[in-house]
Amino acid sequence: AGLLLGGVDSQLGSAVLFGGAAGGQQAMVNFTRENESEADRLGIQLMSDAGFDPNGMIAFFGRLQRASQAYEGQAPAYLSSHPLTGERIADMQTRVQDARYRQRPDSLEFRLVRAKLQAQAVTSVDGLGAARTRFEGLLRDKTTPDAAATWYGLAVVLLAQRDFDAAGRAINEARRRLPSGHPYLERLAAQIRLDAGDAAGALQIAAAGTQRFPGARTLVHLQADAMLRLRKFADAETFLQDQLATYRSDPVLWRLLARAHQSAGKQALAHRASAEEYALIGGWLASIEQFKLALQAGGLDFYTSSQIDARIKQVQAAYTREQQDRAQR
């Protein structure tokens, strides 16, 4: 229509063209804002169905709003491709206001992770010093409701400051307040000993923790790392191969196994383990190269060489599929 009218009146034709483009853009803006509101509605419903308090979503957007006030600007909401945060908060409050409130106590995992994140929020020298002062102040207050998590957070800060003795005392205080134990505490206790140069102490803590909490793979990783630092290469190889029989898709275990093979002088097997690690993280070309290096290193029996040949074909096929998918996007 704009082109036809342009033959009669150029200004009228331009106005129709620009008006049509603006109308199309506004329709897209409206569509995306409707999608965002629908996403919020579904998010609230999913949180509620999963047993979470949907008011937490409102609290999160409140923090987001305070953090982004300098960036939202003063543009009217209808010009934004997403609803402004204030609009979204008001809409969510309307949706949850009629829902019955249920008190949900914070889990131990949540309290420990929150303390760890607070400890690691700022990793500069000054930031760690401020965090240490904060945690120590909380511990001096005898009314602090969660002393175990506070000691844990302090231990995280002290480890980052490389004050190993103080970190050890702090994590032991946290462990003393949780007689039932927790893998987070055992992992940090082992890491403190490992970073302090006491690999034997770290191995003892990690091994006991692995027995106590069989599903805690971070303790498994630390146990293997401690074995390697103690130069127990054969023990590490056996331990990691046993773990990989259960957790074959864990790239960290493959990386540790590559270190164990390398330290034991088994170059071909080290390349093979590295290849499996790269394959798990999507590094297809690096994986293929490592498999080829494993074959070139020699010393492999026919069965192992055949397995590597088969894996090269599998990884090559995965890489080809990924390239085809990218080309179709």
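**Figure 1. The whole chain, with its buried share.** Of the 329 residues in the chain, 36% are buried. The model shown here and in the views that follow is a predicted one. If you are looking for secondary structure, you will find 17 helices and zero strands. The accessible surface amounts to about 19,600 Å², and carbon and sulfur atoms account for 54% of that area. Contacts across the sequence are worth a look too: taking those between residues at least 6 apart, 54% link residues at least 24 apart.

**Figure 2. The largest nonpolar core and its best-connected residues.** This core brings together 54 residues. Tyr152, Leu154, Ile171, Leu185, Leu188 and Leu240 have the most contacts inside it. Helix 8, which covers residues 147–160, is the top contributor to this core, supplying ten residues.

**Figure 3. A closer look at Leu188 and its contacts.** Leu188 is one of the residues with the most contacts inside the largest nonpolar core. Once residues up to four places away in sequence are set aside, Leu188 touches Tyr152, Ala155, Val156, Leu159 and Ile171. Two of these partners, Tyr152 and Ile171, are themselves listed with Leu188 for having the most contacts inside the core.

**Figure 4. A separate core of ten residues.** Apart from the largest nonpolar core lies another, made of ten residues. Trp284, Ile288, Ala294 and Ala318 are among them, and they make handy landmarks for finding your way around this view.

**Figure 5. Helix 12 packed against helix 13.** Here helix 12 (residues 217–229) meets helix 13 (residues 233–244) at an angle of about 160°, and their axes are 8 Å apart. An angle over 145 degrees counts as roughly antiparallel, so that is how helix 12 and helix 13 are described. Their crossing is left-handed. On the helix 12 side, the contact is made by Val220, Gln223, Ala224, Met227 and Leu228. Helix 13 answers with Phe233, Asp235, Ala236, Phe239, Leu240 and Gln243. Leu240 may look familiar, as it is also among the residues with the most contacts inside the largest nonpolar core.

**Figure 6. Arg187 on helix 10.** Arg187 belongs to helix 10, which spans residues 183–195. Is this arginine buried or partly exposed? Its relative accessibility is 28%, so Arg187 counts as partly exposed. Beyond its neighbours within four places in sequence, Arg187 is in contact with Thr218, Leu219 and Leu222. Ala216 can be found in this view as well: Arg187 and Ala216 are 29 residues apart in sequence, and their C-alpha atoms are 8.9 Å apart in space.

Terms used:
Residues are numbered from 1 along each chain as its sequence is written. This is a predicted model: local features need pLDDT of at least 70, side-chain atom pairs count only at pLDDT 80 or more; totals for chains, interfaces and linings use all residues. Side-chain values use heavy atoms; hydrogens and water are left out. Helices (H or I, at least four residues) and strands (E, at least two) are DSSP runs, numbered from the N terminus. Buried means under 20% relative accessible area, exposed over 50%, partly exposed in between (1.4 Å probe, protein chains only). Contact means heavy atoms within 4.5 Å. Accessible areas come from the Shrake-Rupley method with a 1.4 Å probe; for residues, only the protein chains shown count as cover. A nonpolar core is a set of buried Ala, Val, Leu, Ile, Met, Phe, Trp, Tyr and Cys residues joined through side-chain atoms within 4.5 Å. Axes are lines fitted to C-alpha atoms, for helices over the stretch in contact, and angles run from 0 to 180 degrees between N-to-C directions. Angles under 35 degrees count as roughly parallel, over 145 as roughly antiparallel, 65 to 115 as roughly perpendicular and the rest as oblique. A crossing is left-handed if the near helix is turned anticlockwise from the far one by less than a right angle, and right-handed if clockwise.
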